[in-house]
Amino acid sequence: MSINDIGLHFGHALVMVEKWDAQGMLAAIDRYKVTTSHMVPTQFARLLKLPDEIKARCAVSSTRHMIHAAAPCPPDISAQ
């Protein structure tokens, strides 16, 4: 059973994208009011490297949990 199966089992809406990019991720969080996401540490780093003006365009206050998997997350990335 995958994390996607668990989300569907509990009736959660899933937002799936064909190709991931940092700006698109923020737009999806804003549009669909994403509460939980899981990514690899590289994706976290790419989100954090976006210019502040791009990050400010999207409302991400719906987000409660960001889970990383597949590799250790560097402490400086995790702390942000």
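Start by selecting C73, in the loop between β2 and α5; helices (H or I, at least four residues) and strands (E, at least two) are DSSP runs, numbered from the N terminus. C73 is buried, at 15% relative accessible area, where buried means under 20%, exposed over 50% and partly exposed in between (1.4 Å probe, protein chains only). Before you go on, note that this is a predicted model, in which local features need pLDDT of at least 70 and side-chain atom pairs count only at pLDDT 80 or more, while totals for chains, interfaces and linings use all residues. Residues are numbered from 1 along each chain as its sequence is written, and side-chain values use heavy atoms, with hydrogens and water left out.

Stay with C73 and add P41: the two are 32 residues apart along the chain, yet their C-alpha atoms are separated by 5.2 Å. Not counting residues up to four places away in sequence, C73 touches P41, H68 and S78; contact here means heavy atoms within 4.5 Å.

**The whole chain**

Now zoom out and colour by secondary structure. You should find five helices and two strands, in the order α-α-β-α-α-β-α along the sequence. Of the 80 residues, 25% count as buried. Among contacts with a separation of 6 or more, 75% are between residues 24 or more positions apart. The accessible surface comes to about 6000 Å², and 57% of this belongs to carbon and sulfur atoms; such areas come from the Shrake-Rupley method with a 1.4 Å probe, and for residues only the protein chains shown count as cover.

**The two strands**

Select residues 36-39 for β1 and 65-68 for β2: the strands pair in the parallel sense over four bridges. Pairing requires that DSSP finds at least two bridges between two strands. Look across from M39 and you will meet H68 in β2.

Next, show the side chains of β1. S37 and M39 point to one face and are buried, whereas T36 and H38 point to the other and are not. Pick S37 for a closer look: its relative accessibility is 11%, so it counts as buried. Leaving out residues up to four places away in sequence, S37 touches M25, H65, M66 and I67.

**Helix α3 and the core**

Move on to α3, residues 41-49. Its buried residues are P41, Q43, F44, A45 and L47. Bring up the elements around them: the cover includes α2, β1, α4 (52-56), β2 and α5 (75-79).

From here, show the largest nonpolar core, which has 14 residues; M25, L26, M39, L47, L50 and I77 touch the most other members. A nonpolar core is a set of buried Ala, Val, Leu, Ile, Met, Phe, Trp, Tyr and Cys residues joined through side-chain atoms within 4.5 Å. The elements giving two or more residues to this core are α2 and α3, and α2 gives the most, with four residues. In soluble globular proteins, nonpolar side chains tend to be buried together.

Click on L50 in this core: beyond its neighbours within four places in sequence, L50 is in contact with A22, Q23, L26 and K55.

**Two salt bridges**

K55 leads to the next stop. There are two salt bridges by the rule used here, a side-chain nitrogen of Lys or Arg within 4 Å of a carboxyl oxygen of Asp or Glu. In one of them K55 joins D52, with the closest N and O atoms 3.6 Å apart. K55 and D52 are three residues apart in helix α4, which means about one helical turn between them. K55 is partly exposed at 28% relative accessibility, while D52 is exposed at 59%.

For another, select K33 and D30, whose closest N and O atoms are 3.3 Å apart. K33 is partly exposed at 46%, and D30 is partly exposed at 23%.

K33 also takes you to S62, in the loop between α4 and β2. Aside from neighbours within four places in sequence, S62 is in contact with I29, K33, V34 and T35. S62 counts as buried, at 14% relative accessibility.

**Last stop: the surface**

Finish with V17, in the loop between α1 (3-9) and α2 (22-32). At 53% relative accessibility, V17 counts as exposed. Add V15 and Y32, and you have a nonpolar surface patch with about 280 Å² of accessible area together. Patches are made of residues with over 30% relative accessible area and no salt bridge, with like charges joined within 9 Å and nonpolar side chains (Val, Leu, Ile, Met, Phe, Trp, Tyr) within 5 Å.
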